[in-house]
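Student: Got a moment to go through this one with me? I'd like to talk about rings, strands and surface.

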Amino acid sequence: MNSRYLAIKHVLNLNNIFGSLLNRCAGFRSHGVSITVQVTIGLLFVSEFCVASAQLRYSISEEVNEGAVVGNMAKDLGLDRSTLKTRKYRVVSGGADPLFSVNENDGVLYVSRKIDREEVCAQSSVCLIDLKTVLENPSGTMTIIIHVLDVNDNMPIFDKETYTALLNENSPVGTTIIQVNATDLDDGLNGDVVYSFGNNVNEKFRKLFEVNAISGEIVVKGLLDYETKDRYELDIKASDKGQVPLETEKSVIINLVDLNDNAPEIEVTSFSSTIPEDSKPGRTVALISVNDKDSGVNGKIICYISDDVPFMLTPSLQENMFSIVTKSLLDREQTSQYDVTIVAKDAGETPLSSQRTVSVTISDVNDNSPEFLTNPYAFYVTENNAAGASLFAVSAHDCDESNNALISYNIVRSGDEQKTLTSFLNINSETGDIVALRSFDFETVKTFQFQVVASDSGSPSLSSNVTVNVFILDQNDNAPVILYPVSSNGSAEGVEEVPRNVNAGHLVTKVRAYDADIGYNGWLLFSLQEVTDHSLFGLDRYTGQIRTLRSFTETDEAEHKLLILVKDNGNVSLSATATVIVKVVEPKEAFAASDVKSSAKDDEETDVTFYLMITLGSVSVLFLISIIVLIAMQCMCAVNLNVHPVRWSWDLLPQHFLHRMTKKQTRVHFCI
């Protein structure tokens, strides 16, 4: 049987039940403990079943004496008292020690033991006790809810026994120092906690500190100085908002942390603002003294130069006295003035520092020879240049000042061979521009070199030499020559027979050609200008190989004409063409023809290969000689102090040469 519902064998008077409930509910109050009884009754009238429900609420104060009357439930529900005992009217409780009991004789609800609201409803702001009463042989159930109201019987309790905080002196106003926290087990206003200073906190402390009444945060209100007072003890009071407030006090100890609040002071007592660049290491530039008003560790000073400069600090016999001296050789051409920053820092936990900057000027001496932008120079001149036009220029720089940096240029003319080569060159002594008095011919002179000397106007004068390498560039004046196919009458024509059953990728023939020019002028590319069927043959643009793109079909023509264009990569490209006739034959015919051709081709290809090897070998040798000469000139060691390290400048290369190198992604390695 469901314990929530009791079957009733007789008819109840609903008017009596609900009238009593309404009268009882009208007497509710907003304080004490309230007991709510909810009754669900099923009534049986002939063949109809109806359900009625009602709710009773009783209120009592906590901690009332045992046996106190809560209410007469039998009367309020209109139950027959004579049947309560036989029907075992009772309170159903899940605990071993119930809070309430009902008298079976009169239906009165009593308090069984002392009620503590904080024990019964510790986790709820509204204290309701739900009771269930049972009548055996019923037609319904009733639920009793008891609402226990709070009285202010608990004082606030702090969550810590002691509160201790560290605070830096001079902390800004509004800095949170520590937060205290207290809780009150009571409900409503009785459990709301506010914070304030205790009665023993004097007015001076109240000007330095402030406590937030709601959050319990203690914040800085005034200026705190460790040297004035290093420890504060404050009494913080926590009070509830009950009608008769309960309160608790707890001490908060605030220890101030001493801060390093005095920076060192730097004083320059002696100073030389200008020194020559040939000064020896250890030369004194200035004398300084440092001082810190703090004491102990906070007054200990570490002094150093912050920048990477050729100066250093050396301590003197007197404490906190230092000398600024040179620590290495000086070079005015690298740095003509130094800003020397002296930093003085104390040894406090939070170090304070100060700095002082002195400017030292370096005066010039003539200790630098003129230096060319690169050594050796390499210039590229295209053959057939215009006579009398400027070819190129050399340039040198002297890091000294005034007359020590004034430079003049001259060509060194010594030796019969050099004199012959340099006789048609002229140089501008002021600008370094070099003019050729005649045109160059690549077939006559491919490369030559000479020297230029640059001298400054210092006393004594210093000078340096540079080697100038001139490379004559070939013009594209030779067209490609077809080596194969070549017909008996000398024309670039040939016939190739291909079996019909070959697969895709079959090598039909290879067009061979060469160009007498070198470099890009002699680099050949192959392309198909005309072809009978584009889907059948393909040409490798670099090797000249002609291959089938697919297998032959019965519908393909028996003869195909291919026109191949061979061109070089000169600025003004030159080209030649070759014609290849491809005949598609049956396999037997192809094998017979190949036997006849093989012997003739062997002799022909041997001659072609021989001439091609001679051509390629000659080109390679010329190229290697040019590279070796250039590398040798760049990597040779200096003979005397006037010869400077080699540098390479891309500006020296002609623009069309650089364009070609970039276009073809050529890698050129230089010895730097």
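Student: Which aromatic cluster do F372, Y377, F379, F392 and Y409 belong to, one or several?
Tutor: Keep in mind that this is a predicted model. The structure holds 15 aromatic pairs. As for your five residues, F372, Y377, F379, F392 and Y409 come together as one cluster.

Student: What kind of aromatic pair do F205 and Y232 form?
Tutor: Their ring centres are 5.3 Å apart, with 75° between the planes. Planes over 60 degrees apart get their own label, so the F205–Y232 pair is edge-to-face.

Student: And how many residues apart are F205 and Y232?
Tutor: Both residues are buried. F205 is in helix α4 and Y232 in strand β16, so the pair links distant parts of the chain. The separation is 27 residues.

Student: Which strands stand at the edges of the open sheet of 4 strands?
Tutor: The order is β10-β17-β16-β13, with mixed pairing. An edge strand here has a single partner, so one side of it is left without a neighbour in the sheet. That holds for β10 and β13.

Student: Which residue of β16 does S196 stand opposite?
Tutor: β13 spans 193-197, and it pairs with β16 in the antiparallel sense over 5 bridges. Across from S196 in β16 stands K237.

Student: Is I631 buried, partly exposed or exposed?
Tutor: I631 is found in helix α6 and helps make a nonpolar surface patch of about 470 Å², along with F623, L624, I627 and I628. Its relative accessibility is 34%, so I631 counts as partly exposed.

Methods:
Residues are numbered from 1 along each chain as its sequence is written. This is a predicted model: local features need pLDDT of at least 70, side-chain atom pairs count only at pLDDT 80 or more; totals for chains, interfaces and linings use all residues. Side-chain values use heavy atoms; hydrogens and water are left out. Patches are made of residues with over 30% relative accessible area and no salt bridge: like charges are joined within 9 Å, nonpolar side chains (Val, Leu, Ile, Met, Phe, Trp, Tyr) within 5 Å. Accessible areas come from the Shrake-Rupley method with a 1.4 Å probe; for residues, only the protein chains shown count as cover. A salt bridge is a side-chain nitrogen of Lys or Arg within 4 Å of a carboxyl oxygen of Asp or Glu. Helices (H or I, at least four residues) and strands (E, at least two) are DSSP runs, numbered from the N terminus. Buried means under 20% relative accessible area, exposed over 50%, partly exposed in between (1.4 Å probe, protein chains only). Two strands pair if DSSP finds at least two bridges between them. Rings of Phe, Tyr and Trp (its six-membered ring) pair if their centres lie within 6.5 Å; planes under 30 degrees apart count as stacked, over 60 as edge-to-face and the rest as tilted.
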